[in-house]
Amino acid sequence: MNSVYKDQLQLLKKVTPRKAVNVVRLFTSFYFSRIRGKAGIRSMPMGLSIEPTTSCNLRCSECPSGMRSFTRETGMLHQDTFQKVIDQVKNKLIWLTFYFQGEPYLNKDFLKMVKYASENGLYTMTSTNAHYFTDEIAKETIESGLSRIIVSMDGTTQETYEQYRKGGSLEKVKEGISKLVKWKKELKSATPHIVLQFIVFGHNEHEIEEVKKVGKELGVDEVKIKSAQIYDFSHEHLLPSDSKYARYKKENGSYSIKAGLMNHCWRMWSSAVITWDGKVIPCCFDKDAHHQIGSIEQKPFKDIWLSESYDDFRNKVLIDRKSVDICTNCTEGTEVWI
């Protein structure tokens, strides 16, 4: 069976009858809300993103973690906070992403949290720059039950790689991937699905075909070519010359997302984000948590998710999404994967 289909099967295995009913109710409430033009929801999300840490070892130029440009506090997710969340949502939740900002492996309890979520029936994912894979950590990653891991490698030479991943080592990334692949084979594990992700910039687009070869040589399950998210358009050099790989179009001297923003967003019904310190925010584009709906340290997640405040935000998206600041660079329905 194709490795991508195997990964999809792993996800489907997490869908219990109770979770399936929840998904149907989510879809129903989403489409009725669009028709009515007013938010309404009576189900729990099918997915969550949770932030292990805001810290990162690299200095990527379009990343708040990399640039140390957060206006919110930085820190590490505590295991007791994490378990509190999982215990509240595990009966309805299908997938859990261990990523928002930062490098997850900097949190010493990260793999313990992955194991706890996996043991509670969740499909678990993370994204990493792969600089912390000792043989022991690679083995522990496989044993944690992690379902999918995305490894960022935006260049096939050190010169190209470090133009964006400042402070990074391409050789460490390759070594880390090799250790993951080795232990996955030795432990005869079906998981995690190992994805090599290549974000296309102006300086690396000539290496797209080469990275596919590298992925095959390393033995990953999948190579994904992804468009770059840009915040500062004065960095025009980051944009690829081939528009096929760009999220943006340039008109009258300014850039915007290629597709127009429709007045709806499935993410507002299907998932939420929880920061390392328990803030509940509506979307991963809210890097500084300016649109905090509540805190799991003060209220149960369900009360926040079904609150009037959350519906007020959903209504803003339904009425005039372009007026919501975090939506202006959003890829919902527009993201480029090749």
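Lys112 and Asp109 form a salt bridge in which the closest N and O atoms are 3.6 Å apart, and this pair is a convenient entry point to a model that is predicted. A search of the whole structure finds 14 salt bridges, a few of which are described below together with two surface patches, two residues of the loop between H2 and S1, and some backbone features. Side chains of opposite charge can pair when their charged atoms come close.

**Salt bridges**

- The two partners of the opening pair differ in their exposure, because Lys112 has a relative accessible area of 45% and is partly exposed, whereas Asp109, with a relative accessible area of 13%, is buried.
- A salt bridge also links the side chains of Lys212 and Glu209, with an N to O distance of 3.3 Å.
- Both Lys212 and Glu209 belong to helix H9, which covers residues 208–218, and they are three residues apart, or about one turn of the helix.
- Lys212 counts as partly exposed, since its relative accessibility is 36%.
- Glu251 pairs with Lys249 in a further salt bridge, where the closest N and O atoms are 4.0 Å apart.
- Both members of this pair are partly exposed, Glu251 with a relative accessible area of 45% and Lys249 at 31% relative accessibility.
- Elsewhere, Asp7, Arg148 and Glu222 are joined into one network by salt bridges that share partners.

**Surface patches**

- A patch of positive charge on the surface is formed where Arg25, Arg36, Lys38, Arg42 and Lys302 gather.
- Arg25, one of the residues in this positive patch, lies in helix H2, which spans residues 17–36.
- The side of Arg25 open to solvent is limited in the sense that the residue is classed as partly exposed, with a relative accessible area of 42%.
- A nonpolar surface patch of about 250 Å² is made by Leu9, Leu12 and Val15.
- Val15, a member of the nonpolar patch, is located in the loop between helix H1 (3–12) and H2, and it is partly exposed, with a relative accessible area of 32%.

**Buried residues in the loop between H2 and S1**

- Ser43 is placed in the loop between H2 and strand S1, the latter covering residues 47–50.
- Ser43 counts as buried because its relative accessibility is 3%, which falls under the 20% limit used for that class.
- Leaving out residues up to four places away in sequence, Ser43 touches Asn22, Arg25, Leu26, Trp305 and Leu306, and Arg25 among these contacts is also part of the positive surface patch.
- Ala39 is likewise found in the loop between H2 and S1, and at 9% relative accessibility it too counts as buried.
- The contacts of Ala39, not counting its neighbours within four places in sequence, are Ser33, Trp269, Asp311, Arg314, Asn315 and Leu318.
- Computed along the chain, Ala39 and Ala190 are 151 residues apart, and in space their C-alpha atoms are 40 Å apart.

**Backbone features**

- Most residues other than glycine have a negative phi, and most peptide bonds are trans.
- The peptide bond from Thr191 to Pro192 is cis, with omega near 0°, and Pro192 sits in the loop between helix H8 (170–186) and strand S5 (193–200).
- Lys188 lies in the loop between H8 and S5, and its phi is positive, at about 50°, although this residue is not a glycine.
- Lys188 counts as exposed, because its relative accessibility is 78%.
- Ala130 has a phi near 60°, which is a positive value in a residue other than glycine.
- The position of Ala130 is in the loop between strand S3 (123–128) and helix H6 (135–143), and at 2% relative accessibility this alanine counts as buried.

Key. Residues numbered from 1 in each chain as written. Predicted model: local features only at pLDDT ≥ 70, side-chain atom pairs only at ≥ 80, totals over all residues. Heavy atoms only, no water. Patch = residues over 30% accessible without salt bridge, like charges linked within 9 Å, V, L, I, M, F, W, Y side chains within 5 Å. Areas by Shrake-Rupley, 256 points an atom, 1.4 Å probe, with all protein chains shown as cover. Lys, Arg positive; Asp, Glu negative; His and termini not counted. Charge placed at Lys NZ, Arg CZ, Asp CG, Glu CD. Helix = DSSP H or I, 4+ residues; strand = E, 2+ residues; numbered from the N terminus. Buried < 20%, exposed > 50% of the residue type's maximum accessible area, 1.4 Å probe, protein only. Contact = heavy atoms within 4.5 Å.
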